[in-house]
Amino acid sequence: MFFTVLTIFPEMFDPFWQHGIVRRAIEHKIIRASAVNIRDFAEDRHRVTDDRPYGGGSGMVMKPEPLAAAIRETSQTLPGAKNVLLTPQGRIFNQQMARELASYDGLILVCGRYEGVDERICHDLIDYEISIGGYVLTGGELAAMVLMDAVTRLIPGALGGEDAAEKDSFSDGLLEHAHYTRPRLFEDRAVPEVLLSGHHQDIENWRLESSVMRTLLKRPDLLQDKNLTRQERRVLKKWHQAIEEILDSHPGQTKGS
Ligand code: 4FV
């Protein structure tokens, strides 16, 4: 995977590329990443990349010429790459989209600043408009980092263990199970015994139940939109049964009251 970021602040990406799994992925040539300064494509001697909005109003807009030149020049060096504009108008980024983007050889990430980019850039030069959330940032750079981070960890070899990403939250449409590590006892809170048992099937069953119940409690919407497996249905039925028994064990109180 080859990431190229188009931005007027390329230096913002240095610390991002020098730490953790992204750094390791670059060192192991699992990904390649570079930042291109849009200013380098501005024709005028002041290398201006923004101008006042037609129709008046506050703020500035990113000029189409430097952006178009930067996108076209970079696309030539990255055949088959998809052009992504980070913008609040985009589809909300999620794990499914991260998997889709990770399937390409290259991604050109266009980072807006000011009020945004001239609309004519979106028409012919952008394949994906993506938003990382329903809020407004001062620039697309942080959104580009979020996207690169989520996509990088899905590139085979980036996470070390081959299947690590398969066990992700959202990989099967559920939140991840609870995680524990040493010490066994922390402030009088013990690690669930089953995790110390070495009994892999019991541990797997516990983790599935943990995932299903955490998803039910924290993100029930995820359960609504997914096809439940037989095991997941069995977990929900077990808890449904338990709740019914509790309700039945309170005589005098009618169903549904
Ligand atoms: C944004 C988002 C975002 C809008 C104007 C940059 C800013 C400024 N990008 N997800 N939310 N971008 O707020 O991706 O140009």
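Here is a short walk through the model, from the whole chain down to single residues.

**Before you click**

This is a predicted model, in which local features need pLDDT of at least 70 and side-chain atom pairs count only at pLDDT 80 or more, while totals for chains, interfaces and linings use all residues. Numbering runs from 1 along each chain as its sequence is written, and side-chain values use heavy atoms, with hydrogens and water left out.

**Stop 1: the whole protein**

Start in cartoon view. You'll find nine helices and nine strands (DSSP runs numbered from the N terminus: helices are H or I with at least four residues, strands are E with at least two). The radius of gyration is 24 Å, well over the 18 Å that the globule rule gives for 257 residues, so the protein is more spread out than a compact globule. That radius is taken over C-alpha atoms, and the rule is 2.2 Å times the number of residues to the power 0.38. Line the view up with the principal axes and the C-alpha atoms fill a box of roughly 80 × 45 × 35 Å.

Now switch on the surface. About 16000 Å² is accessible, and carbon and sulfur atoms own 53% of that (Shrake-Rupley method, 1.4 Å probe; for residues, only the protein chains shown count as cover). Of the 257 residues, 38% count as buried; here buried means under 20% relative accessible area, exposed over 50%, and partly exposed in between, with a 1.4 Å probe and protein chains only. If you draw contacts (heavy atoms within 4.5 Å) between residues at least 6 apart in sequence, 73% of them join residues at least 24 apart.

**Stop 2: the cysteines**

Select C111 and C122. A search of the whole structure finds zero disulfides, a disulfide being a pair of cysteine sulfur atoms within 2.5 Å. The closest cysteine sulfur to that of C111 is in C122, 14 Å away, too far for a bond. As for cover, C111 is buried at 0% relative accessibility, and C122 is buried too, with 11%.

**Stop 3: two positive phi values**

Next, pick R47, in the loop between strand 2 (32–37) and strand 3 (50–51). Its phi is near 50°, a positive value in a residue other than glycine. R47 counts as partly exposed, at 33% relative accessibility.

Then jump to Y114, in the loop between strand 6 (106–111) and helix 5 (119–125). Y114 is not a glycine either, yet has a positive phi of about 60°. At 31% relative accessibility, Y114 is partly exposed. Why stop for these? Most residues other than glycine have a negative phi, and most peptide bonds are trans.

**Stop 4: a cis bond**

With that in mind, zoom in on the peptide bond from R182 to P183: it is cis, with omega near 5°. P183 sits in the loop between helix 6 (141–152) and strand 8 (185–186).

**Stop 5: A158**

Stay with the loop between helix 6 and strand 8 and select A158. This alanine is buried, with a relative accessible area of 2%. What is A158 in contact with, leaving aside neighbours within four places in sequence? Show I21, R24, I30, T152 and R153. For a last label, join the C-alpha atoms of A158 and K29: these residues are 129 apart in sequence and 9.6 Å apart in space.
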